[in-house]
Amino acid sequence: MKTAKKTKGKIIIDRELCKGCRYCVVSCPEKALAIENIFNEMGYFPAFFEHPDRCTGCAICAQICPDIAIEVWRE
Ligand code: SF4
Ligand code: SF4
């Protein structure tokens, strides 16, 4: 039986634009994102791409980010 191939995605987070609101972390259906424990230059704990293997490139994280800090690429 054939199974549908899952799309692979990759994101890039600009950690200096991120204000650590966590919207992307809670919105990612694959739980691919987390929050760093090192401040960025603005004094926020930014989001990072913790599980790249899980990303499907759905772009929900980029759409929800109020600071346009996330770029999404799909394979
Ligand atoms: S593109 Fe989709 S799966 Fe990938 S990190 Fe963003 S919300 Fe998660
Ligand atoms: S939604 Fe944007 S600003 Fe908020 S934590 Fe994610 S990358 Fe940072």
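Helices (H or I, at least four residues) and strands (E, at least two) are DSSP runs, numbered from the N terminus. With that in hand, here are the close-ups.

**Figure 1. The fold of the protein chain combines two helices and four strands.** This is a predicted model, in which local features need pLDDT of at least 70 and side-chain atom pairs count only at pLDDT 80 or more, while totals for chains, interfaces and linings use all residues. Residues are numbered from 1 along each chain as its sequence is written, and chains are lettered from A and ligands numbered from 1 in the order in which they are written. Reading from the N terminus, the elements follow the order β-α-β-β-α-β. The C-alpha trace spans about 50 × 20 × 20 Å along its principal axes. Two residues are in contact if their C-beta atoms, placed from the backbone, lie within 7 Å. Taking contacts with a separation of 6 or more, 64% join residues 24 or more positions apart.

**Figure 2. The surroundings of ligand 1 include 14 residues.** A residue is near a molecule if its C-beta atom, placed from the backbone, lies within 6 Å of it. Cys28, Cys55, Cys58, Ile60 and Cys61 come nearest to ligand 1. Strand 1 (9-13) and helix 2 (60-64) are the elements that give two or more residues to this shell. For the class counts, Ala, Val, Leu, Ile, Met, Phe, Trp, Tyr, Cys and Pro are nonpolar, Asp, Glu, Lys and Arg are charged, and the others, Gly among them, are polar. The shell around ligand 1 holds 10 nonpolar, three polar and one charged residues.

**Figure 3. Ligand 2 has 15 residues around it.** Look here for Cys18, Cys21, Tyr23, Cys24 and Cys65, which are the closest. By class, this shell is made of 11 nonpolar, one polar and three charged residues.

**Figure 4. Cys24 sits in helix 1 and belongs to the largest nonpolar core.** A residue is buried if 20 or more other C-beta atoms lie within 10 Å of its own, exposed if 12 or fewer, and partly exposed in between, with C-beta atoms placed from the backbone. Cys24 counts as buried because it has 25 C-beta neighbours inside 10 Å. Across the 75 residues of the protein chain, 19% are buried. A nonpolar core is a set of buried Ala, Val, Leu, Ile, Met, Phe, Trp, Tyr and Cys residues joined through C-beta atoms within 7 Å. The largest one has 13 residues, of which Ile13, Cys24, Leu33, Cys61 and Ile70 touch the most other members. As background, nonpolar side chains tend to be buried together in soluble globular proteins. Leaving aside residues up to four places away in sequence, Cys24 touches Leu33, Ala47, Cys61, Ile64, Cys65 and Ile70. For a sense of scale, the C-alpha atoms of Cys24 and Glu41, 17 residues apart in sequence, are 20 Å apart in space.

**Figure 5. Arg22 has a positive phi, near 75 degrees.** Most residues other than glycine have a negative phi. Arg22 lies in the loop between strand 1 and helix 1 (23-27). With 14 C-beta neighbours inside 10 Å, Arg22 is classed as partly exposed.

**Figure 6. Gly57 and Ala59 share a view of the loop between strand 3 (47-49) and helix 2.** Ala59 is not a glycine, yet has a positive phi of about 75 degrees. Ala59 is partly exposed because 15 other C-beta atoms lie within 10 Å. Its C-alpha atom and that of Arg74, 15 residues apart along the chain, are separated by 9.3 Å. Gly57 is also partly exposed, with 16 C-beta neighbours inside 10 Å. Not counting residues up to four places away in sequence, Gly57 touches Thr7, Lys8, Gly9, Val72, Trp73 and Arg74. Between the C-alpha atoms of Gly57 and Ile70, 13 residues apart along the chain, the separation is 12 Å.

**Figure 7. Helix 2 is the place of Ala62.** Ala62 is partly exposed, so labelled because 17 other C-beta atoms fall within 10 Å. Beyond the residues up to four places away in sequence, Ala62 touches Ile70, Glu71 and Val72. The C-alpha atoms of Ala62 and Ile12 are separated by 9.6 Å, with their positions 50 residues apart along the chain.
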